[in-house]
Amino acid sequence: MIFDKKQSIDVREIRRMLWRRRLVIALPLLIAVGAGVAGILLAEPQYASTATLAMETPAPLTREIAAATGTGGRGNDNDNIRILRKRIQSSSFLESVAVQIGLHESPRLIAKAKRLAKENPGHDERDLLLRECVRSLNRMLDIRAEGFDIFYVRAVSSSPDLAHAVATTVANQYIESTQKGKLLQSEEAYSFAQEQVAIYEAKLEERRQQLREFEQETALKGIEASPISATNVSRVNTMIAAADADIEFLRGRHETAKSRVAEADLEAFLGLGLLKSPRLEALKSTLFELEKHLALTIVEFDETDTAVTSAKNQIAVKSQQLLSELESLAQVAFPSIVEQYRQYLVDYEYTQISLDAATRRRDEMKAFLERYASDLAGLPAAEFRLARLREEVASAERLYQTWLDQANSTQIAKAVQSASVGNQIVLIEPAQVPLAPFAPEKPKILALAVVMGLALGVGAAVVMEYLDLTLKSVDEIEMVLGVPILGAVPRMQAAVIEDLELRRRRRFQILIPAFLLTGLALAALAYWYFIMQGGGVG
């Protein structure tokens, strides 16, 4: 026994103990090293291929065009990488990648899809195959960001050609789909603006034709008149009262938004003037003109008329566009502010604009009523009609010009996207075919196997020595008993045979814990390699 509670550890006894237990030490070491070598020989090599993307910084002139057309603006780092991952990891995107690189023709995936189709009747086999392709690609891909505008698309596979094909295809297809998406948005906005231009151009021509015909009939000089008549004056007064109620409601919302800003201690941000852009001013101008047009429309037509409904729908669309522009400006101007506080600032500006727009509609109706009262003093009915037609022509001209400017703006945005001069994603370093695998790391695995084998072997030897209470030498007997040895009796043949049997049983008892410890070492080694190191996807 070398572990006596009353004495310190003797180095010579430790060497003797290690020599006595050499089988216990050597067996886990040999098995662990053998398992490590077998793992290296059996594990498939893993190759990695990486493509580097970057967000191209636009030129100063392009930035001015993007700001004017509403196509500029960047999110923060987390938003960029989140959007990039979501788009790349979407099923539709990865399915197109799988078809393009021919992954759907993999025999292994086809066999798995057939097996799943048998286990799940009613499911389309091709759909299951594409699902398996998407799962495989998700396991192979790793999307990372460096700084604000550098992105890495990394693909891992047991085939270097497959890793290269996946990284290259994903990078190229993402760039292509991003450019197509931006161009499609610009085209849709341009088409909508063109439709509105055509509609209001027809309305303008119609109003002009009516004015020309009336002027030819009456040959009267131009005067200013109101669209209000004796038949609708009471209804206009009712609508003015309703507009006053709307203004009070909006003023209450604005005061609530203002109090939230004050409670959040954000009043200093209001005077900075950062929530401004040419696009925002254009949207506000259009919204105010639409509110004036609505005032004229609801005076001329009944609330249930399609003209009134159309005017209100246009105001709702323009209000939503204005809110989206304010949110984009706030995200760019105040990136470090909490999202909730940023929304407080947006609500403050948006309610102020809504209040101003409603006030303009109310004031326009009051102006109509005042002109009507003035016109009643002496202007003939023909002059009222003439002034009314001219007011309609002027309103139609303003709306037509507003939509024409919007169409020109979206056409510029479309040209910016087509020429690829905006905030574009570009490939700055294409993926290369890997020449050597990055895994398995043979030196690291062998070193780990040696360390684990030695640790388990020595640990088992120390535990067995501590539990072994037999005395193995004359010196040990004298040390334990405290008396000198006077003589020794030689072993008899039967005692020798019994001792050999005892030694065999002890060796058998040694092998069981040794094999158990070695199994634990192998399990830990496999867990470290296949789970902690990733292992890759073939």
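This note goes through the fold, the cores, the aromatic contacts and a few single residues of a predicted model.

1. **Overall make-up.** The chain has 538 residues, and 36% of them count as buried. Its secondary structure comes to 17 helices and four strands. The accessible surface is about 30600 Å². Carbon and sulfur atoms hold 57% of that surface. Take the contacts with a separation of 6 or more: 84% of them join residues 24 or more positions apart.

2. **Largest nonpolar core.** This core has 54 residues. Val299, Leu322, Leu326 and Met365 touch the most other members. Six elements are listed as giving two or more residues each: α8 (160-218), α9 (233-263), α11 (278-300), α12 (306-333), α13 (339-375) and α14 (381-418). 

3. **Leu326 in detail.** What does leucine 326 touch, leaving aside residues up to four places away in sequence? The partners are Leu275, Leu280, Val346, Glu349, Tyr350 and Ile353. Leucine 326 is also one of the residues that touch the most other members of the largest core.

4. **Second core.** A separate core holds 34 residues. Its members include Phe93, Leu141, Val153 and Leu162.

5. **Strand pairing.** Strand β1 (residues 47-55) pairs with β3 (residues 150-157) in the antiparallel sense, over eight bridges. Strand β2 (residues 141-146) also runs antiparallel to β3, with six bridges between them. One position of β3 shows up in both pairings. Alanine 155 stands opposite serine 49, and alanine 155 is the bridge partner of leucine 141 as well. Leu141 also belongs to the second core.

6. **The aromatic pair.** How many aromatic pairs does a search of the whole structure find? The search finds one. The rings belong to tyrosine 341 and tyrosine 344, with centres 5.9 Å apart and planes at 35°. Why is the pair called tilted? Planes under 30 degrees apart would count as stacked and planes over 60 as edge-to-face, so an angle of 35° falls into the tilted class.

7. **Setting of that pair.** Both tyrosines lie in helix α13. They are three residues apart, about one turn of the helix. Are the two residues buried or exposed? Tyrosine 344 is buried, because its relative accessible area of 16% is under the 20% limit. Tyrosine 341 is partly exposed, because 34% lies between the 20% and 50% limits.

8. **Arginines over rings.** Two cases are worth a look in the viewer. Arginine 22 lies over the face of tryptophan 19, at 4.1 Å from the ring centre. Arginine 360 lies over the face of phenylalanine 288, also at 4.1 Å from the ring centre.

9. **His254.** This histidine is found in helix α9. Its relative accessibility is 6%, so histidine 254 counts as buried. Which residues does histidine 254 touch, not counting those up to four places away in sequence? They are Tyr348, Thr351 and Gln352. The C-alpha atom of histidine 254 is 8.5 Å from that of tyrosine 350. The two residues are 96 apart along the chain. Tyrosine 350 is itself among the contacts of leucine 326.

10. **Thr169 and Gln196.** Threonine 169 lies in helix α8, and glutamine 196 is found in α8 too. Threonine 169 is buried, with a relative accessible area of 11%. Glutamine 196 is buried at 10%. Their contacts, not counting residues up to four places away in sequence, are as follows. Threonine 169 touches Val97, Gln100 and Ile101. Glutamine 196 touches Gln314 and Trp403.

11. **Asp161.** Aspartate 161 lies in helix α8. Is aspartate 161 buried or exposed? Aspartate 161 is exposed: its relative accessible area is 54%, over the 50% limit. Its C-alpha atom is 9.9 Å from that of alanine 48. In sequence, the two are 113 residues apart.

Note on methods:
Residues numbered from 1 in each chain as written. Predicted model: local features only at pLDDT ≥ 70, side-chain atom pairs only at ≥ 80, totals over all residues. Heavy atoms only, no water. Core = buried A, V, L, I, M, F, W, Y, C linked by side-chain atoms within 4.5 Å. Buried < 20%, exposed > 50% of the residue type's maximum accessible area, 1.4 Å probe, protein only. Contact = heavy atoms within 4.5 Å. Phe/Tyr/Trp six-rings, centres within 6.5 Å; stacked < 30°, edge-to-face > 60°. Lys NZ or Arg CZ within 6 Å of the ring centre and 35° of its normal. Areas by Shrake-Rupley, 256 points an atom, 1.4 Å probe, with all protein chains shown as cover. Pairing = 2+ DSSP bridges.
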